[in-house]
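Work through the exercises below with the sequence and the structure open. Each task is followed by a solution in steps.

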Amino acid sequence: MIISLPAFILGAVLYGAYGGVYYSLVLKGKKNPPIHYVLSVIIAFACSYIVGLLVHNSGFDGLLPGIVIGFSIGVIIALVYLKNMLFGLITRRNFTIAVFDHVVALTLLGTIHGLFH
């Protein structure tokens, strides 16, 4: 259950940086309380850790399995958002924003952990 510490840290930092840039571009001018930023950093580290566990304990080595695992997690999350959109819980715009973010970010995390595996 041990993951690569450099991959864990790099993954969390890049995930947080990607999210910061992505959401600042997509949600221009939207103000959030400071606690949201603190929580998003914690979430970035949690996601990096969980993806790291899945990649490192998958039984596969290398970059491609990391990419596939990260992308697969993103697709699963996209399916959950799709169901929520179908039942009117989120708008099509929010669905598109969230799905693109998660698929890209989790694929990035899988790639990083695959590189360090």
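**Exercise 1. Determine which residues of H2 meet which residues of H4, and describe how the two helices pack.**

Solution. The model is a predicted one.

Step 1. On the H2 side, the residues are Cys 47, Ser 48, Val 51, Gly 52, Val 55 and His 56; on the H4 side they are Leu 106, Leu 109, Gly 110, His 113 and Gly 114.

Step 2. Sorted by type, this contact of H2 with H4 has 5 nonpolar, 6 polar and no charged residues. Gly is counted among the polar residues here.

Step 3. Two packed helices are described by the angle between their axes and the distance between the axes. For H2 and H4, the axes cross at roughly 55° and come within 9 Å. H2 is therefore oblique to H4.

Step 4. The crossing of H2 and H4 is right-handed.

**Exercise 2. Describe the packing of H1 against H2, and state how the residues of the contact divide by type.**

Solution.

Step 1. The axes of H1 and H2 cross at roughly 135° and come within 8 Å. Angles over 145 degrees count as roughly antiparallel. H1 is therefore oblique to H2.

Step 2. H1 passes H2 in a right-handed crossing.

Step 3. From H1, the contact takes in Ala 7, Phe 8, Gly 11, Ala 12, Tyr 15 and Gly 16, and these meet Ala 44, Phe 45, Cys 47, Ser 48 and Tyr 49 of H2.

Step 4. The contact of H1 with H2 divides into 8 nonpolar, 3 polar and no charged residues.

**Exercise 3. Is H1 roughly parallel or roughly antiparallel to H4?**

Solution.

Step 1. H1 covers residues 5-26 and H4 covers residues 92-115; they pack at an angle of about 155°, with axes 10 Å apart.

Step 2. An angle over 145 degrees counts as roughly antiparallel, so H1 is roughly antiparallel to H4.

Step 3. H1 passes H4 in a right-handed crossing. The residues of this contact are 18 nonpolar, 4 polar and 2 charged.

**Exercise 4. Decide whether Ser 48 and Asn 84 are buried or exposed, and list their contacts beyond nearby sequence.**

Solution.

Step 1. Ser 48 is found in helix H2, while Asn 84 lies in helix H3.

Step 2. A residue is buried if its relative accessible area is under 20%. Ser 48 has 0% and is therefore buried. Asn 84, at 18% relative accessibility, counts as buried too.

Step 3. Residues up to four places away in sequence are not counted. Ser 48 then touches Ala 7, Phe 8, Gly 11, Ala 12, Leu 109 and His 113. Asn 84 is in contact with Leu 89 and Ile 90.

**Exercise 5. Which residues form the largest nonpolar core, and which elements give two or more residues to this core?**

Solution.

Step 1. The largest nonpolar core has 12 residues: Tyr 15, Tyr 18, Tyr 22, Ala 44, Val 51, Val 55, Ile 69, Ile 73, Ile 97, Ala 105, Leu 106 and Leu 109.

Step 2. Two or more residues of this core come from each of H1, helix H2 (34-56), helix H3 (63-86) and H4. The largest share, 4 residues, comes from H4.

Step 3. Take Ile 73 as one member. Leaving aside neighbours within four places in sequence, Ile 73 is in contact with Val 51, Leu 54 and Leu 106.

Step 4. Another core, of 5 residues, lies apart from the largest one; among them are Ala 78, Met 85, Phe 95 and Val 99.

Methods:
Residues are numbered from 1 along each chain as its sequence is written. This is a predicted model: local features need pLDDT of at least 70, side-chain atom pairs count only at pLDDT 80 or more; totals for chains, interfaces and linings use all residues. Side-chain values use heavy atoms; hydrogens and water are left out. Axes are lines fitted to C-alpha atoms, for helices over the stretch in contact, and angles run from 0 to 180 degrees between N-to-C directions. Angles under 35 degrees count as roughly parallel, over 145 as roughly antiparallel, 65 to 115 as roughly perpendicular and the rest as oblique. A crossing is left-handed if the near helix is turned anticlockwise from the far one by less than a right angle, and right-handed if clockwise. A nonpolar core is a set of buried Ala, Val, Leu, Ile, Met, Phe, Trp, Tyr and Cys residues joined through side-chain atoms within 4.5 Å. Buried means under 20% relative accessible area, exposed over 50%, partly exposed in between (1.4 Å probe, protein chains only). Contact means heavy atoms within 4.5 Å.
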